[in-house]
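Me: Please take a close look at one part for me, the ligand and the pockets. I'd like the contacts spelled out.

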Amino acid sequence: MIEEVTAALVANPCGRYADLTVGEGGHARGILEAAPEGRLMGLDRDAEAVAAARAALAGFGERALVERGDFAGAAERLAERGWRDLDGVLLDLGLRSGALDDPARGFSYRLDGPLDMRFDPSRGETAAELLARIDGETLAGLLAEGTTRADPWRIAAGILSWRERRALARTSDLVACLRARLGRRATPKLLGSVFAALRMAVNLEMEALDRVLETIPAALKPGGVLCVISYQSQEDRRVKRLGRRAGPEPPPGDWRMEPLWKGPRRPAPEEARRNPRARSARLRALRRILVRPPS
Ligand SMILES: C[S@@+](CC[C@H](N)C(=O)[O-])C[C@H]1O[C@@H](n2cnc3c(N)ncnc32)[C@H](O)[C@@H]1O
């Protein structure tokens with residue numbers, strides 16, 4: 001959805017932009033090409049992504065700056081660097097395909113590897129550590145919060161009983177546990193949704209998203225645009241809520257976020273065919289509007 005993102009985001013060829021999930025730099029490159037005199041700050045929690053984005057954007061010289069960090073603290077970090085009144089900010093949530101396809105990162109149910117799932121492997125709890133300590137109710141809750149349609153209680157009970165007798169240290173252990181519990185209901189879709197729900201819990205993804213949606217609009221100039229690509233319904237719900245006017249109009253001098261179009265945009269059928277991971281993508285764009293005093 002690079003063309004749609006750049007069309008919504010880049011109105012000023014000399015503007016300042018932030019890509020807070022820079023990944024391997026694909027969207028960042030599109031933004032820098034669309035804003036030939038603009039500058040971009042890229043951020044990612046994953047050191048491998050930061051290295052890949054720096055290499056991909058090296059040709060843009062000082063116009064591109066890439067740092068490692070969590071987007072939850074992006075508003076403060078941008079302000080510390082003097083990056084205020086931004087023209088556009090992009091969040092492309094979730095996982096980059098390079099990390100999904102690396103067995104050592106433990107994100108994929110299709111590849112055997114350590115059950116890690118951390119975006120930043122230098123800190124925090126791995127998925128194996130989380131599963132070793134979590135109680136059944138909390139586990140069922142996080143599976144229910146995720147995209148899992150099968151009975152989350154049944155899956156949670158299966159995991160708890162498995163861990164009493166056997167290891168849950170590798171992705172293949174978790175797959176074996178789910179297959180033992182669910183039999184033919186352990187479809188690729190179900191396995192994928194359990195892995196995604198665990199990844200979201202390990203990385204506290206909803207907490208980080210809530211924080212950035214609350215703080216980043218203030219980093220935009222009036223008229224600046226926030227684009228968010230989400231892959232899970234609970235992510236998209238939060239973005240939608242940001243653009244919804246609830247209650248009275250904010251006081252004069254305050255601001256609100258106004259959607260650029262109604263509903264989320266989905267990838268074109270051709271893109272979905274080329275890139276199966278893009279199928280669940282939903283793009284929303286919101287403009288920061290200053291509320292003016294009546295004249
Ligand atoms: C779908 S990929 C982005 C791909 C990117 N748009 C591109 O064109 O290559 C999402 C990226 O967000 C990063 N990420 C996820 N949560 C993050 C967070 N809280 N803070 C910073 N980066 C995060 C992941 O490490 C991953 O590289």
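Reply: A polar contact here is a pair of N or O atoms within 3.5 Å. Keep in mind that this is a predicted model, where local features need pLDDT of at least 70 and side-chain atom pairs pLDDT 80 or more, while totals for chains, interfaces and linings use all residues. Numbering starts from 1 along each chain as its sequence is written, and side-chain values use heavy atoms, with hydrogens and water left out.

On to the ligand. Asp-70 offers a side-chain N or O atom 2.9 Å from one of the ligand's nitrogen atoms. The backbone joins in too: an N or O atom of Glu-24 sits 3.0 Å from a ligand oxygen, and for Gly-25 the distance from a backbone N or O atom to a ligand oxygen is 3.4 Å. The protein buries 93% of the 610 Å² that the ligand exposes when taken alone (Shrake-Rupley areas, 1.4 Å probe). In total, 22 residues surround the ligand, with His-27, Asp-44, Asp-70, Phe-71 and Asp-92 the closest (a heavy atom within 4 Å counts as near).

Asp-92 turns up again in the second largest pocket, where Leu-93, Leu-95, Arg-96, Tyr-231 and Asp-92 itself are the closest to the centre among 38 lining residues. A pocket is an open set of points on a 1 Å grid where a 1.4 Å probe fits, with protein on both sides within 12 Å along at least five of seven lines, and lining residues have an atom within 4 Å of a point. This one holds about 830 Å³, the volume being the space filled by probe spheres on the points. Two or more lining residues come from each of helix H2 (26-34), strand S4 (86-92), helix H5 (97-100) and helix H11 (205-215); the names are DSSP runs, at least four residues for helices and two for strands. H11 gives the most, four residues. The lining splits into 17 nonpolar, nine polar and 12 charged residues, with Gly counted as polar and Tyr as nonpolar.

Just a note on the loop between helix H4 (74-80) and S4: Asp-85 lies there, and Asp-85 has a positive phi, near 50°, without being a glycine.

The largest pocket has about 1000 Å³ of space. Of its 30 lining residues, Gly-192, Ser-193, Ala-196, Gln-232 and Ser-280 lie nearest the centre. Helix H10 (188-202) and helix H12 (233-242) are the elements giving two or more residues, and H10 has the largest share with eight. By class, that lining holds 12 nonpolar, nine polar and nine charged residues. Where does the largest pocket lie? Between domain 1 (2-97 + 206-290) and domain 2 (120-202), because both give residues to its lining; those bounds come from an automatic or database assignment.

Methods. A polar contact is a pair of N or O atoms within 3.5 Å; within protein, one must be able to donate a hydrogen and the other to accept it, and residues adjacent in sequence count only if both atoms are side-chain atoms.
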